[in-house]
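Here is a short report on one protein chain. It starts with a loop and then moves to the overall fold.

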Amino acid sequence: QVQLVESGGGLVQAGGSLRLSCVASGSIFRINAMGWYRQAAGKQRELVAAITSGGSTNYADSVKGRFTISRDNAKNTVYLQMNSLKPEDTAVYYCNADLVVAGREGTYDYWGQGTQVTVSS
C-alpha cells in the first residue's frame, strides 16, 4: 500500500543541527499536505511543521526561526532542517502525509514509524 519512512534522527549537542527526511512510497495518486509531528516522553503528540503541495508552511511557535520544512514533490519526500537544537526538542519525530491513494476515493492520513531525536545539554 503506502509507506512513510523517516531517517536522519540521532543524538546531537545543544546548538547543533539535524536534518530529517521522510519518503512516501506505494500506490500514491497525489500527496496533499505533509508534516512533522513530535512526541516527547509523557507528552501528547504535537505539530512541529507542515507544508502544502503548493509550498505554504506553518510552524509551531516553539520552532519558528530554528526549523525549516521543505518538500520535493517529484520524490514524494519531505524534509525538516533543525538548527539551534535545544534539549526540549528531544522527542520521537513522526512524518505525516495527507494523500490520495491510487484507485481509492477520498484522502487518507498516513504516518511514519518515527525517528528519535535526542538533544543533550
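## A loop serine

Ser 84 sits in the loop that links S8 and S9. This is a predicted model. Ser 84 is not a glycine, yet its phi is positive, at about 50°. Is Ser 84 buried or exposed? Neither label fits: Ser 84 counts as partly exposed because its relative accessibility is 41%, and the partly exposed class lies between under 20% and over 50%.

The backbone oxygen of Ser 84 has a polar partner. The side chain of Arg 66 reaches that oxygen at 3.0 Å.

## The arginine partner

Arg 66 belongs to another loop, the one between strand S6 (57-59) and S7. Its relative accessible area is 10%, so Arg 66 counts as buried. Which residues does Arg 66 contact, leaving aside neighbours within four places in sequence? They are Gln 81, Met 82, Asn 83, Ser 84, Leu 85, Lys 86 and Asp 89.

## A second positive phi

Asn 76 is also not a glycine, and it has a positive phi of about 50°. Its loop lies between strand S7 (67-72) and strand S8 (77-82). Asn 76 counts as partly exposed because its relative accessibility is 24%.

Asn 76 is touched by Ile 28, a residue of strand S4 (residues 28-39). Beyond four places in sequence, Ile 28 also touches Val 2, Val 100 and Ala 102. Ile 28 and Asp 72 are 44 residues apart in sequence. Their C-alpha atoms are 15 Å apart in space.

## A buried glutamate

Glu 6 is part of strand S1 (residues 2-7). Glu 6 is buried, yet it has no salt bridge. Which side chain of opposite charge is nearest to Glu 6? That side chain is Arg 45, 7.7 Å away. A salt bridge would need a side-chain nitrogen within 4 Å of a carboxyl oxygen.

Backbone nitrogens do approach the Glu 6 side chain. The nitrogen of Cys 95 lies 2.7 Å from one of its polar atoms. The backbone nitrogen of Gln 113 lies 3.0 Å from a polar atom of that side chain. Both residues are among the contacts of Glu 6 when residues up to four places away are not counted. The other contacts are Ser 21, Cys 22, Trp 36, Tyr 93, Tyr 94, Gly 112, Gly 114 and Thr 115.

## The S9-S10 hairpin

Strand S9 (residues 91-101) and strand S10 (residues 108-111) run antiparallel. How many bridges join S9 to S10? There are four. In one pairing, Leu 99 has Tyr 108 of S10 as its bridge partner.

Six residues lie between S9 and S10 in this hairpin. Gly 103 is in the turn, and its positive phi is about 85°.

## The whole chain

The protein has zero helices and 11 strands. From the N terminus on, its elements read β-β-β-β-β-β-β-β-β-β-β. The chain has 121 residues, and 40% of them count as buried.

Contacts between residues at least 6 apart in sequence were also sorted by separation. Of these, 56% join residues at least 24 apart.

The C-alpha atoms fill a box of roughly 50 × 25 × 25 Å along the principal axes. The radius of gyration is 14 Å. This agrees with a compact globule of 121 residues, because such a globule would have a value near 14 Å.

Methods: Residues are numbered from 1 along each chain as its sequence is written. This is a predicted model: local features need pLDDT of at least 70, side-chain atom pairs count only at pLDDT 80 or more; totals for chains, interfaces and linings use all residues. Side-chain values use heavy atoms; hydrogens and water are left out. Helices (H or I, at least four residues) and strands (E, at least two) are DSSP runs, numbered from the N terminus. Buried means under 20% relative accessible area, exposed over 50%, partly exposed in between (1.4 Å probe, protein chains only). Lys and Arg count as positive and Asp and Glu as negative; His and the chain ends are not counted. A polar contact is a pair of N or O atoms within 3.5 Å; within protein, one must be able to donate a hydrogen and the other to accept it, and residues adjacent in sequence count only if both atoms are side-chain atoms. Contact means heavy atoms within 4.5 Å. Two strands pair if DSSP finds at least two bridges between them. The radius of gyration is taken over C-alpha atoms; the globule rule is 2.2 Å times the number of residues to the power 0.38.
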